[in-house]
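Got the structure open in your viewer? Let's take it one selection at a time.

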Amino acid sequence: MEKSTPEILVALRHSPLFEGWSSTALERMSQRLFLAHHEPDKLLIMEEDGGGTVYFIIEGWVKIRTHNREGREITLNILGPGEIFGEMAALAASARSCDVLSVTHLVLGSLSAREFMNVVQTEPLMGLRLSQLMARRLRQLNRRLRVRESDSVARVVDVLLFLAEGQGRTSAQGIEIPNLPHRELGSLSGLTRETVTRVLRKLEQEGMIERLTGKTARRDEEGSNTRGLIRVPNLAQLESLLG
């Protein structure tokens, strides 16, 4: 584990969690963080572990999961660059409530729970940003509960909206979001990878999304879908498919 680098400061500046922070406060925060690299499919946090560390995603993606009584994996969330996890256990001084696994190569900045609570108490904007984060996650959960019995199109659209809210980048042609492996999109929506692929193809044919690829795009583990970006030309039109 290494001490924070100048790249961390750049990442913090682009995170909604630190929006409005002064340059001095951001510099101070970046110096608190320790940097670590992780390979895909690594278990980072186990349910019921102690909550002694808070993590900030600099690069890559993680999956938040739990298991039902039959042992079936349930994906609760997928988080990407600029997002935070482990904060709930720190705020509540409790054990972890779920597992966290790396989906891709991952770069994390970490902070002890004690230091995190010190930041919350001393940086006025941190409490506000955390409240906004919790409100956004609750809104997303409510929407997911509404569509859980809906058809496959609505469930995939819900995941795309979720990614747009958390990781969307505005361009002249619409909102661009990461095209995650279909296995992970299926896990989040409760659908098979094959169903997700069919729904995305249908949405693309109807002009609801555009899949962008480039020279640096790479193929997923099935070797069939090129990973790049998904562009949503009209977010409101896509949301209307929820019914």
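Start by selecting strand 12 and strand 15 (residues 229-232): the two pair in the antiparallel sense over three bridges. Helices (H or I, at least four residues) and strands (E, at least two) are DSSP runs, numbered from the N terminus, and two strands count as paired if DSSP finds at least two bridges between them. Show Glu210 next, and you'll find Arg231 of strand 15 opposite.

A quick note before moving on: this is a predicted model, where local features need pLDDT of at least 70, side-chain atom pairs count only at pLDDT 80 or more, and totals for chains, interfaces and linings use all residues. Residues are numbered from 1 along each chain as its sequence is written, and side-chain values use heavy atoms, with hydrogens and water left out.

Now widen the selection to the open sheet of four strands, ordered 10-11-15-12 with antiparallel pairing. Its edges are strand 10 (169-171) and strand 12 (210-212), each pairing on one side only.

Jump to strand 4 (residues 53-59). Five of its seven residues are buried (under 20% relative accessible area, 1.4 Å probe, protein chains only), so the strand is largely enclosed by the rest of the structure. Add strand 9 (residues 106-112), which pairs antiparallel with strand 4 over six bridges. Then add strand 7 (residues 84-85), joined to strand 4 by two bridges, also antiparallel.

Which residues face Phe56? Its bridge partner in strand 9 is Gly109, and in strand 7 Phe56 stands opposite Ile84.

Key:
Buried means under 20% relative accessible area, exposed over 50%, partly exposed in between (1.4 Å probe, protein chains only).
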